[in-house]
Amino acid sequence: MPFAGCLALEKVVIEEGCEQIIDSAFSGCTSLTSITIPITVYRIDAGALDGDTKLTEININNNKNFIMKDGMIKTADETKIIFITDEILKKSSTFEIPAKVTEFSTGIDGYENITTLKIPASLTNLYAASIFPKTINNVVIDENNTKYAVEGNTIYNKDDKSLVMCFSKEKDITIQEGILTLNSHCFKQAENAENIILPESLKTIANATFQEGSNYKKIYIGKNVSNINSCFKVVNYNGTVEIDSENPYYMVENNIVYSKDKKTLLCALYRITGTFTVDSAVKNIASLAFDAQGMEEVIIPEGVTTIGHGAFSQCGNLKKIEIPSTIIEIGSGTFERCSALENIVVNRKSGSIPGNPWGAPKGDRAIKWLN
């Protein structure tokens with residue numbers, strides 16, 4: 001990200017010889033009005049120019065890999081859009097992905113004038129719903145599209161039966177039977193949702209599925225869900241989550257999601273402050289289980305054997321954690337971005353758990369081996 005966020009940058013001329021413009025290379029350059037891309041560039045990531053709302057002069061002549069057409073930078077075969085000018089995105093309440101485009105991953109979420117999305121027959125790869133504005137309330141998909149379909153107020157993938165986007169503006173939402181997977185951010189556009197009932201067919205809930213909702217009162221998860229990402233509701237503590245009592249894989253107790261036998265702690269559904277003590281029945285703390293939580297101290301009882309990667313990452317208030325003698329594995333990056341963490345007490349012989357200091361910003365200085 002060599003120039004990301006350079007607010008004073010107005011004009012860029014990239015010299016010949018440059019081959020790649022990577023993701024976020026010029027993102028957030030809000031004063032950028034002109035860029036010249038040479039013939040040697042063969043790769044431009046979709047996020048390379050994100051947020052460059054004043055960019056109107058794009059010189060891309062003679063490059064065989066990319067073209068400037070209809071206010072958009074596209075690959076030469078027009079199957080992928082790299083950048084869309086502010087003028088195009090602001091001019092209408094309808095955004096139509098052009099014919100020929102097979103992959104769309106360009107972020108247009110800042111344009112809340114857009115309420116209708118049109119998808120062509122050619123599109124076979126639609127990135128997460130997070131790239132679209134929450135204001136979308138209507139989606140039209142070409143009848144010849146073989147990959148995506150609209151049912152009710154949802155877009156779903158016909159191949160893997162995954163829910164791509166729910167754009168209902170109702171408070172009470174019931175997702176149709178047949179859906180097997182909830183994709184990341186798929187409820188972003190359901191901005192009024194309070195109560196969500198998920199289908200019995202559902203098996204997988206992805207990362208950040210319920211990250212954006214601010215009005216949740218209740219989310220009901222059925223008995224067949226067998227794969228819940230620990231960050232499915234990351235940093236969103238609104239409402240309650242109910243898991244069917246017949247679900248053989250998961251349970252909720254005291255607002256924490258566990259495996260049914262309680263041996264694995266998946267994630268907490270509330271904001272933790274002060275000291276947190278892990279339940280004595282737990283044997284495994286899942287990866288990213290407490291990502292971005294607010295506790296200052298963690299006490300882990302004897303009997304816990306593993307802590308997954310990133311389990312306490314981004315816990316900026318965490319100052320102390322005690323590791324019992326039964327722990328045999330701590331994943332990489334477990335304490336990454338725990339800037340206040342100064343005291344990791346390990347009830348084991350020095351160096352007996354591989355990978356230390358497990359991402360702790362203060363390194364070995366924070367670790368105290370007791371045996």
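**Notebook: one chain, entry by entry**

I began with Lys161, which counts as partly exposed at 33% relative accessibility. I note at the outset that the model is predicted.

**Lys161, continued.** I looked up the backbone of this residue and found phi near 55 degrees, a positive value in a residue other than glycine. I then placed Lys161 in the loop between strand E15 (154-157) and strand E16 (162-166).

**Ser24.** I turned next to Ser24, which is not a glycine and yet has a positive phi of about 70 degrees. I located Ser24 in the loop between strand E2 (20-21) and strand E3 (34-36). Is Ser24 buried or exposed? I recorded a relative accessibility of 16% for Ser24, so the residue counts as buried; the cut-off for that class is under 20%.

**Pro357.** I checked the peptide bond from Asn356 to Pro357 and found it to be cis, with omega near 15 degrees. I entered the position of Pro357 as the loop between strand E33 (343-346) and strand E34 (367-369).

**A sheet of three strands.** In which order do the strands of the open sheet E6-E7-E8 lie, I asked, and how do they pair? I read the order as E6-E7-E8, with antiparallel pairing. I noted strand E6 (66-69) and strand E8 (81-84) as the edge strands, each of which pairs on one side only. I found that the twist averages 20 degrees from one strand to the next.

I followed one pairing of this sheet in detail. I counted four bridges joining E6 to strand E7 (residues 72-75), and the two run antiparallel. I traced Met68 to its bridge partner in E7, which is Ile73.

**The whole chain.** I then stepped back to the chain as a whole. I found one helix and 34 strands in it. I took the extent of the C-alpha trace along its principal axes as about 65 × 50 × 30 Å.

How much of the chain counts as buried? I recorded 49% of the 371 residues in that class. I noted an exposed area of about 16500 Å² for the chain, of which carbon and sulfur atoms supply 45%.

**Contacts and charges.** I looked up the contacts with a separation of 6 or more and found that residues 24 or more positions apart account for 26% of them. I closed with the charges: the chain has 36 positive and 45 negative ones, and I noted their mean positions as 3 Å apart.

Methods: Residues numbered from 1 in each chain as written. Predicted model: local features only at pLDDT ≥ 70, side-chain atom pairs only at ≥ 80, totals over all residues. Heavy atoms only, no water. Buried < 20%, exposed > 50% of the residue type's maximum accessible area, 1.4 Å probe, protein only. Contact = heavy atoms within 4.5 Å. Areas by Shrake-Rupley, 256 points an atom, 1.4 Å probe, with all protein chains shown as cover. Lys, Arg positive; Asp, Glu negative; His and termini not counted. Charge placed at Lys NZ, Arg CZ, Asp CG, Glu CD. Pairing = 2+ DSSP bridges. Axes fitted to C-alpha atoms, helices over the stretch in contact; angles between N-to-C directions.
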